[in-house]
Amino acid sequence: MQREVASLALAPTIKAKLIGAGFVRVGDLHEVSAAELRIEAGISLQESTEVLQTVFPRSHEKGSETRWMKATEILEQEKSCRSISTFCAALDTVLGGGIMTGKMIEICGTPGVGKTQLCIQLAVNTQIPASFGGVEGHSVYIDTEGSFLVDRVVDVAEAALQHCKQQHGKTGQLGALENFTLETILSNIFFFRCHDYVELLAQVHLLPDFLFKHPKVRFLVVDSIAYPFRHEFEDLSVRTRLLHGLAQKLLQLASQHNIAIVLTNHMTIRLEQNNSALVPALGESWGHVSPQRLVLYWQGKQRFASLTKSSRQKEQMVPFQITSHGFHDVQLFQSQVTASISSATSNTTTVNARKRCRVEDDDEHEDCL
Amino acid sequence: MILKEGQCPGLTAEVIQALRTQNIRTVVDLVTADAEELSCKCSLSYKTLVAINRVLLAQYASFPINGADLYDELLSSTAILSTGNESLDKLLDSGLYTGEVTELIGSPGSGKTQVCLGVAANVACELKRNVVYIDSTGGLSASRLLEIVKSKVSTAEQQLDALRRIYVTEVFDIFSMLKVLQTLRTGGFPESPSGSSSLKAVIVDSVRAVLLPVIGGNQIEGM
């Protein structure tokens, strides 16, 4: 069975002309020269050369062969992939070590709960040297809301340096901190400000070139992906198309360049029959996009992070706090922690009412971790 | 199928040119046109046209198959693959049937990827057959696959053998996906060392990711 011309990656007008001229299947284009095709289909010589190159790619062209990988090879790759710590040990455990490079995660939360703080912390933590268990990579920060403050980055970076120096004191690793200073941290965060969705789309379109020039980038955040898309669209189907296209491009970059991608999202109210629920914004179709989703929320005066969607890890929630030093664990007495977690558990159903938690199967779980 | 010189005796370049003037370009155009009318308009011999029609129909038409024969063929060639989950198997009338497409639909986080991983693990472990997993969402995790496989077989060697039977490819847009599917269709699947291709399941997770960016809008002809 031959592939149909309609399914090829060509412009719709060219495809329409080809099909009108009778070239319905790929086999119809065999032994047709570019000049003949130009006459038959009524397209330019350049277009017909392009058509023939798409249909019959030369075998040495990169990317023309499908790349198959066995699950064992992917397992090896995953084992060697490092993750970026959030500096909140509990959250790192929930995430399976931290934010994984090569994967995408969505962080949702109400205003003020700490999404931007977490993004700034991750942008700094990406640069932690490998000898301290870090990824030693650069960061790209795409800001659509204007909430990125350099002063705050300085505070977080200085705290991270302090933390590493204390560790260096314990383990005695010399020289590792030479390339990890405030200057280098700030200069290795590449900042882009996008004011509307057009700028954001353009920026993502230009990213492949940027990433080739900066191969050390290991972290990219779009803070937030919701803001430019929430206000300007009357036609929601256009919004869906653009958002999903954008997400697929980012997923491709994540996989090709081994970058951790974080997208932050807002929360919105979904009205049901007799009550309302707080759900992530951008609609239900957007909910399918990211393979992992972390929801940050308040419970009284305590902030919690809940992993509500993941293909790898169990759904769990942990408390965290934000101080002048950045994103951290909570230091509470054990009883207080248990009390706040148990009261939060009864309320996690409002966070995701349709899910049942995964059943605890301690024996197998321990073996695997 | 476009009309080309030499496709059958009698189909010469002059004949094709004459047909083109009447806008007859493909085999379908020719066999559906009225031969008498065509012979007048194109000043071609009626006999030639009828002869050409007959040869083309013999070459390109599909043949009907007896219902009973079809049933026998299906009975002997269809395999039923268990998903690894009893209740799901019951719902699917004992499992996934080869030759059929099963679609999983669900809200975000409802478990679609987990079912896909479970099916892949089951086909690779229990049935010991190859599986192709086309991932367009970045949701595939080999460590999660290993976790599922570990619950089915106990030795490390068996677990790795099972994982070796799962072939993964990542696609991020509709054209790459179609290309991969076409490769599979034409037998481009990497063969197992024993020489026989024992591919039994193709899992696509998910179609939504590659189709939503192109569906809708002003184009009414699909893509």
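This is a short tour of a predicted model with chains A and B, to follow in your viewer.

**Before you start**

Residues are numbered from 1 along each chain as its sequence is written, and chains are lettered from A, with ligands numbered from 1, in the order in which they are written. Because the model is predicted, local features need pLDDT of at least 70 and side-chain atom pairs count only at pLDDT 80 or more, while totals for chains, interfaces and linings use all residues; side-chain values use heavy atoms, leaving out hydrogens and water.

**Stop 1: chain B as a whole**

Select chain B and show it as a cartoon. You should find 11 helices and 5 strands; helices (H or I, at least four residues) and strands (E, at least two) are DSSP runs, numbered from the N terminus. The radius of gyration of chain B is 25 Å, well over the 17 Å that the globule rule gives for 223 residues, so chain B is more spread out than a compact globule. Here the radius is taken over C-alpha atoms, and the globule rule is 2.2 Å times the number of residues to the power 0.38. Along the principal axes, the C-alpha atoms of chain B fill a box of roughly 75 × 45 × 35 Å.

**Stop 2: where the chains meet**

Now bring in chain A. How many residues does each chain bring to the contact? Chain B gives 60 and chain A gives 54, with contact meaning heavy atoms within 4.5 Å. About 4,800 Å² is buried between them, and carbon and sulfur atoms give 58% of that area. Buried area is the accessible area (1.4 Å probe) that two parts lose on being put together, summed over both.

Color Pro108(B), Phe172(B) and Arg208(B): in chain B these lose the most area to chain A, together 13% of what that side buries.

Next, select Glu40(A) and Arg20(B). They form a salt bridge, with their closest N and O atoms 3.1 Å apart. The rule (a side-chain nitrogen of Lys or Arg within 4 Å of a carboxyl oxygen of Asp or Glu) finds 2 salt bridges across this interface.

Which helix of chain B gives the most to the side that touches chain A? Select helix 10 (174-185) of chain B: it gives the most, with 8 residues.

**Stop 3: a sheet shared by two chains**

Look for an open sheet of 4 strands in the order 1(A)-4(B)-3(B)-5(B), with mixed pairing. Two strands pair if DSSP finds at least two bridges between them. The edge strands are strand 1 of chain A and strand 5 (199-205) of chain B, each pairing on one side only.

Zoom in on strand 1 (residues 69-70) of chain A, which runs antiparallel to strand 4 of chain B and is joined to that strand by 2 bridges. Met69(A) stands opposite Val168(B) here. On to strand 3 (residues 130-135) of chain B: 5 bridges join this strand to strand 4 of chain B, and the two run parallel. Val132(B) has Tyr167(B) as its bridge partner.

**Stop 4: backbone details in the loops**

Select Asp205(B) and Ser206(B), which are joined by a cis peptide bond with omega about 0°. Ser206(B) lies in the loop between strand 5 and helix 11 of chain B. Then visit chain A, where the peptide bond from Asp223(A) to Ser224(A) is cis, with omega near -5°. Ser224(A) sits in the loop between strand 7 (217-223) and helix 10 (227-230) of chain A.

Finish at Ser43(B), in the loop between helix 3 (35-42) and helix 4 (46-60) of chain B. Phi of Ser43(B) is near 50°, a positive value in a residue other than glycine.
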